[in-house]
Amino acid sequence: MEKFVINGGRKLSGEVNISGAKNSAVAIIPATILVDGVCTIENVPNIKDVRLLNDILIKLGIKIDYDEVSDIIVVDSEKINSYIVPYDLVKCMRASYYLLGALLGRFKKAEVSFPGGCDFGYRPIDQHIKGFEALGAKVEIDQGMIKMYAERLIGCQIYLDVVSVGATINLMLAAVKAEGTTILENAAKEPHVVDVANFLNAMGANIKGAGTDIIKIKGVESLKGGVTHSIIPDQIEVGTYMIAAAVTKSDITIKNVIPKHMESLIAKLIEMNVKVIEGEDTIRIIGNDELTNVNIKTLPYPGFPTDLHPQASVLLCLANGISIITEGVWDSRFQYVDELKRMGANIKVEGRVSIIEGKNKFSGAPVKATDLRAGAALVIAGLVAEGTTEIYNINFIDRGYENFQSKLRSLGADIVRVPE
Ligand code: EPU
């Protein structure tokens, strides 16, 4: 086990390059199961979740060549020989639920253990299951496994009761080779939903409307390989560096960005008095000593992303006055608050709302990451804290941030990774 040790108080400067989106990669890699032929995927983030997924696919008989230096994966699923994914393979991997849709689409059957490792509260997959059943699958839960069998998968209309990224993508995967047309209503609009649809379309799928709340999927007989797809930049990684710059009152340029994906955060930063300069594929942040307090409500895209909530909280601790964050996506995303309080934050949580009293100073302390984004928030607090912060459980952070400490070091932060 390793930990981060951060000596706070240094300003950041220079440029940082953003990696491919984790939440696209963890869907596109399983999506290759549906393809007859070789897929080349570029801009794959070198993170733990991707390495875990690759291992799962290899165990199913899929050939994977992963060049970790160029961030390219070449996948050949022709020799896939199993539709069964037991618990020991998925226990550390929430996004393993995409194997359900992909295996069902390929074999019309799938047996996948319930995804493990919930890091913040109750995470149901009832909307995924409802959709698979509507497409014609019989679904049974047996000894912790979700077992699905379909004689035929037949296109249908599915209304999602909640806007779910996972259910939207999973049902696209299951429907892409179904007979007839599937219409997903109340679909999620996140950039990675569009990225997965673009990947599938490049392989021969017929998906229209991704990025809107109605997606039409006309089933095709097969998906062909031979195509190269490049994963979009990670919107949450971009936001994390934007907030890190604002917290440390620094001037940095973030490269390989789609600024349009960042609108909700850009709007909040401007409201807070932070200068944001958008380029074609860059964002420059120039911090400000006086930060205005704001209220934030997290919502599905294009709303403010829940995956930037803990990081934004750190920034609001430094603003003038009281700010409020309302968590609009997850029931329980406030585990980071107790850790942040150990560093001096003044935050009160009531249900899904946190009340943040600003103008705080952070002081370094030993703290532990309680999930991926909570870990990122603690790192950001450590960058501005007086003294030394030690962050434990950084395996959570490794799940989703490529080279976090080296990228921060290249911006001038004093952060090292050492054995616990
Ligand atoms: N929900 C249901 N039923 C379902 C599915 C979801 O009630 O069948 C509810 C959830 O309980 C939640 C809301 O719908 O309240 C949204 O959940 P969603 O399905 O959109 O989340 P997810 O697909 O499981 C992805 C990301 C999360 C991110 C959420 C929301 C991946 C692998 N994970 O999760 O990312 O928080 O969307 O944007 O794509 C992260 O990257 O740190 C992370 C947790």
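**Loop oddities, two domains and a ligand**

Asn256 sits in the loop between β17 (251-255) and α9 (263-272), where helices (H or I, at least four residues) and strands (E, at least two) are DSSP runs numbered from the N terminus. Although not a glycine, Asn256 has a positive phi of about 65 degrees. This is a predicted model, with local features needing pLDDT of at least 70 and side-chain atom pairs counted only at pLDDT 80 or more, while totals for chains, interfaces and linings use all residues. Residues are numbered from 1 along each chain as its sequence is written, and side-chain values use heavy atoms, with hydrogens and water left out.

Another backbone detail turns up at Pro302, in the loop between β20 (295-297) and α10 (309-316). The peptide bond leading into Pro302 from Tyr301 is cis, with omega near 10 degrees.

On to the domains. The chain is assigned domain 1 (2-18 + 233-419) and domain 2 (22-230), with bounds that come from an automatic or database domain assignment. Taken over C-alpha atoms, the centres of domain 1 and domain 2 are 30 Å apart. Domain 1 puts 25 residues into the contact and domain 2 puts in 20, contact being heavy atoms within 4.5 Å. The size of an interface is often given as the accessible area lost when the parts come together. Here, domain 1 and domain 2 bury about 1,800 Å² between them, and carbon and sulfur atoms give 50% of that (accessible area lost on putting the two parts together, 1.4 Å probe, summed over both). On the domain 1 side, Tyr301, Arg399 and Glu402 lose the most area to domain 2, together making up 36% of what that side buries.

Arg399 also shows up in a salt bridge: its side chain meets that of Asp49 at 3.1 Å, N to O. The count between the two domains is one salt bridge, defined as a side-chain nitrogen of Lys or Arg within 4 Å of a carboxyl oxygen of Asp or Glu. Two helices, α12 (372-384) and α13 (395-398), each supply at least two residues of the domain 1 side that touches domain 2. Of these, α13 gives the largest share, three residues.

By the same salt-bridge rule, the overall count comes to 19. One of these pairs Lys3 with Glu390, with the closest N and O atoms 3.2 Å apart. That pair ties together distant parts of the chain, with Lys3 in strand β1 (residues 2-7) and Glu390 in strand β25 (residues 388-392), 387 residues apart.

Finally, the ligand. It is surrounded by 24 residues, the closest being Gln127, Ser164, Val165, Asp307 and Val329; a residue makes the list if one of its heavy atoms lies within 4 Å. Tyr97 brings a polar side-chain atom to 2.8 Å from a ligand oxygen atom, and Asp126 brings one to 2.8 Å from a ligand nitrogen atom. From Pro124, a backbone N or O atom lies 3.5 Å from an oxygen atom of the ligand.

Key:
Polar contact = N/O pair within 3.5 Å; in protein donor to acceptor, adjacent residues only side chain to side chain.
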